[in-house]
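Biologist: Could you take one part of this model and go through it closely? I would like to hear about the salt bridges, and about how they sit within the fold as a whole.

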Amino acid sequence: MTEDAGPAGDAGVICSAKGCREPATVVLVWNNPKVHTPDREKTWTACEAHREQLSHHLAIRSFLRRVEPVAPLR
C-alpha cells in the first residue's frame, strides 16, 4: 500500500493496494494520531475491488476519517 496517492501519469489515479494497477474510484482520508498531528491528513486510493479491504484496515485502527470520490483529472 502506498501513501499520498496521486496521479499516475496518463493512467490517472491508481489503487493503493499492493500490486494493484486498477483505476481508483475513491480516496480514503486517514490519520494516525500516534504519529501525525490532528490537522495532518494522509490518503490512500482504492478501486472498487479493494475499497472494503483498505477501508476496513484503516477503520479497525480508528485511522479512517472519511471516504471521498476521486476528483476528475484536469
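Modeller: What follows takes the overall fold, then the salt bridges, and last the core.

This is a predicted model, in which local features need pLDDT of at least 70 and side-chain atom pairs count only at pLDDT 80 or more, while totals for chains, interfaces and linings use all residues. Residues are numbered from 1 along each chain as its sequence is written, and side-chain values use heavy atoms, with hydrogens and water left out.

The protein chain has one helix and three strands, arranged along the sequence as β-β-α-β; helices (H or I, at least four residues) and strands (E, at least two) are DSSP runs, numbered from the N terminus. Of its 74 residues, 36% count as buried, where buried means under 20% relative accessible area, exposed over 50%, and partly exposed in between, with a 1.4 Å probe and protein chains only.

A search of the whole structure finds four salt bridges, each being a side-chain nitrogen of Lys or Arg within 4 Å of a carboxyl oxygen of Asp or Glu. In one of them R65 pairs with E41, their closest N and O atoms lying 3.3 Å apart; this pair links distant parts of the chain, since R65 belongs to strand β3 (residues 64–69) and E41 to the loop between β1 and β2, 24 residues apart. E41 also meets R66 in a salt bridge, at 2.8 Å from N to O, and here the loop between β1 and β2 is again linked to strand β3, with the two residues 25 apart. R65 is partly exposed at 36% relative accessibility, as are E41 at 35% and R66 at 33%. Another salt bridge joins the side chains of R51 and E48, at 3.9 Å from N to O; R51 is partly exposed at 33%, whereas E48 is exposed at 51%. Salt bridges that share partners join E41, R65, R66 and E68 into one network.

As for the interior, the largest nonpolar core has 12 residues, among them W30, W44 and F63; such a core is a set of buried Ala, Val, Leu, Ile, Met, Phe, Trp, Tyr and Cys residues joined through side-chain atoms within 4.5 Å. The elements giving two or more residues to this core are β1 (26–30), β2 (42–46) and α1 (51–59), and β1 gives the most, with three residues. C47, also in this core, touches C15, C20, E22, P23, A24 and T25, leaving aside residues up to four places away in sequence, where contact means heavy atoms within 4.5 Å.
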